[in-house]
Amino acid sequence: MTGEIIASRPNKTVFREGDQAVKLFGADYSAADVLNEALGQARVQETGLPVPRLEEVCKRDGQWAIVSEFIEGPTLAQAMQEQPDRLEHWLDLFVTLQQEVHERRSPRLTQMHDKFHRKISFSGLDATARYELHNRLDAMPRHNKICHGDFIPSNVLLRGEKTPTLIDWAHVTQGNASADAAKTYLLLLLRAETELAEQYLKLYCKKSDTARQYIGKWLPVVAAAQLQTCREEDRAFFRGQVEQAIEARG
Ligand SMILES: Nc1ncnc2c1ncn2[C@@H]1O[C@H](COP(=O)(O)OP(=O)(O)OP(=O)(O)O)[C@@H](O)[C@H]1O
Ligand SMILES: [Mg+2]
């Protein structure tokens with residue numbers, strides 16, 4: 001591979017090659033997962049949301065890669081770190097963007113409810129906990145809003161000062177926006193950004209006129225859905241979220 005490394009993860013690397021970003025997946029990635037991520041990005045692109053233009057899905061040195069338009073500018077995570085005095089502004093931009101996503105529809109995207117049921121089945125939790133979680137999920141309304149599924153500040157790129165672009169569409173579904181907000185909240189908590197997580201949730205509830213308790217009802221379901229594929233070191237956190245909610249109910 002040539003080009004400058006922009007981000008390096010244990011099983012992924014993102015390079016810049018001229019005006020393109022190349023996301024190179026580790027050898028253990030299945031073709032289905034890579035194609036699914038690219039398909040999600042392509043479907044969302046068609047709705048007019050601000051995403052990098054998909055250029056190519058290919059193999060580089062035997063490894064799958066997704067090639068997209070390179071977006072110049074820092075991530076929102078960097079902006080939040082570099083300009084903490086403007087946190088209110090950045091949070092507002094973040095929540096506004098998430099709500100813009102929720103306003104869009106793409107009828108052929110994976111159904112969130114189906115995905116969550118499947119993930120609960122494979123969560124490794126015992127049958128009693130799974131039964132409870134499947135029931136809880138069934139009791140939640142099925143919507144068809146586009147949900148990014150990994151909506152965190154490092155997946156928002158700031159082109160110039162104002163225009164945000166949203167990347168990393170591996171987890172996109174259509175479903176309930178409050179579940180998507182619950183996921184963002186958990187991901188911020190997981191990164192020990194407790195204060196940011198609380199501020200985020202408060203603002204999201206205010207701007208979307210959603211009850212905090214309602215998002216709370218999604219937390220154990222969303223946490224359980226992470227257990228199958230999360231990193232080993234994150235499992236205790238998600239398990240804790242599930243157990244806390246189930247025990248509280250008795
Ligand atoms: N099209 C792009 N233009 C500019 N930079 C990009 C682009 N795509 C990715 N990046 C940079 O690479 C980083 C990682 O990319 P991405 O979020 O797609 O993968 P990832 O974070 O490894 O996936 P995951 O969130 O599953 O860990 C981003 O935070 C961003 O800094
Ligand atoms: Mg990312």
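**Exercise 1. The surroundings of ligand 1**

Identify the residues that come nearest to ligand 1, and determine how much of ligand 1 the protein covers.

*Solution.*
Step 1. Ligand 1 has 18 residues around it, where a residue is near a molecule or strand if one of its heavy atoms lies within 4 Å of it. Those that come nearest are Lys12, Lys23, Ile71, Asn155 and Asp168. The structure is a predicted model, in which local features need pLDDT of at least 70 and side-chain atom pairs count only at pLDDT 80 or more, while totals for chains, interfaces and linings use all residues. Residues are numbered from 1 along each chain as its sequence is written, chains are lettered from A and ligands numbered from 1 in the order in which they are written, and side-chain values use heavy atoms, with hydrogens and water left out.

Step 2. Consider the polar atoms. An N or O atom in the side chain of Lys12 is 2.8 Å from an oxygen atom of ligand 1. For Lys23, a polar side-chain atom lies 2.8 Å from an oxygen atom of ligand 1. Glu69 places a backbone N or O atom 2.9 Å from a nitrogen atom of ligand 1.

Step 3. On its own, ligand 1 has 610 Å² of accessible area, and the protein covers 85% of this. Accessible areas come from the Shrake-Rupley method with a 1.4 Å probe; for residues, only the protein chains shown count as cover.

Step 4. Strand E1 (4-9), strand E2 (12-17) and strand E3 (20-25) are the elements that give two or more residues to the shell around ligand 1. E1 gives the most, with three residues. Helices (H or I, at least four residues) and strands (E, at least two) are DSSP runs, numbered from the N terminus.

**Exercise 2. The magnesium site**

State which residues coordinate the magnesium ion (ligand 2), and where they lie in the chain.

*Solution.*
Step 1. Asn155 (OD1) and Asp168 (OD) coordinate the magnesium ion at 2.1 to 2.3 Å. Donors are N, O and S atoms within 2.8 Å of the metal (3.2 Å for Na, K and Ca); water is not among the atoms, so sites may look incomplete.

Step 2. The pair links distant parts of the chain, 13 residues apart. Asn155 belongs to the loop between strand E6 (145-147) and strand E7 (156-159), and Asp168 to the loop between strand E8 (163-166) and strand E9 (173-175).

Step 3. Asn155 is buried, because its relative accessible area is 5%; Asp168, at 19%, also counts as buried. Buried means under 20% relative accessible area, exposed over 50%, and partly exposed in between (1.4 Å probe, protein chains only).

Step 4. Asp168 is also among the residues that Glu37 touches, together with Lys23, Phe25, Ile66, Trp169 and Ala170, not counting residues up to four places away in sequence. Contact means heavy atoms within 4.5 Å. Glu37 lies in helix H1 (residues 31-46) and is buried, at 5% relative accessible area.

**Exercise 3. Salt bridges**

Describe the salt bridge between Glu243 and Arg239, and that between Arg231 and Asp234.

*Solution.*
Step 1. The structure holds 15 salt bridges, each a side-chain nitrogen of Lys or Arg within 4 Å of a carboxyl oxygen of Asp or Glu.

Step 2. Glu243 and Arg239 meet at 3.8 Å, N to O. They are separated by about one helical turn, because they are four residues apart in helix H9 (residues 235-249). Glu243 is partly exposed at 36%, as is Arg239 at 31%.

Step 3. In the bridge between Arg231 and Asp234, the closest N and O atoms are 3.0 Å apart. Arg231 is exposed at 52%, whereas Asp234 is buried at 9%.

Step 4. Arg53, Glu55, Glu69 and Arg159 are linked in a network of salt bridges.

**Exercise 4. A residue in helix H7**

Determine whether Tyr200 is buried or exposed, and find its polar contact with another side chain.

*Solution.*
Step 1. Tyr200 is found in helix H7 (residues 194-208). At 0% relative accessibility, Tyr200 is buried.

Step 2. Not counting residues up to four places away in sequence, Tyr200 touches several residues, including Leu91, Phe94, Val95 and Gln98.

Step 3. The side chains of Tyr200 and Gln98 make a polar contact at 2.6 Å. A polar contact is a pair of N or O atoms within 3.5 Å; within protein, one must be able to donate a hydrogen and the other to accept it, and residues adjacent in sequence count only if both atoms are side-chain atoms.
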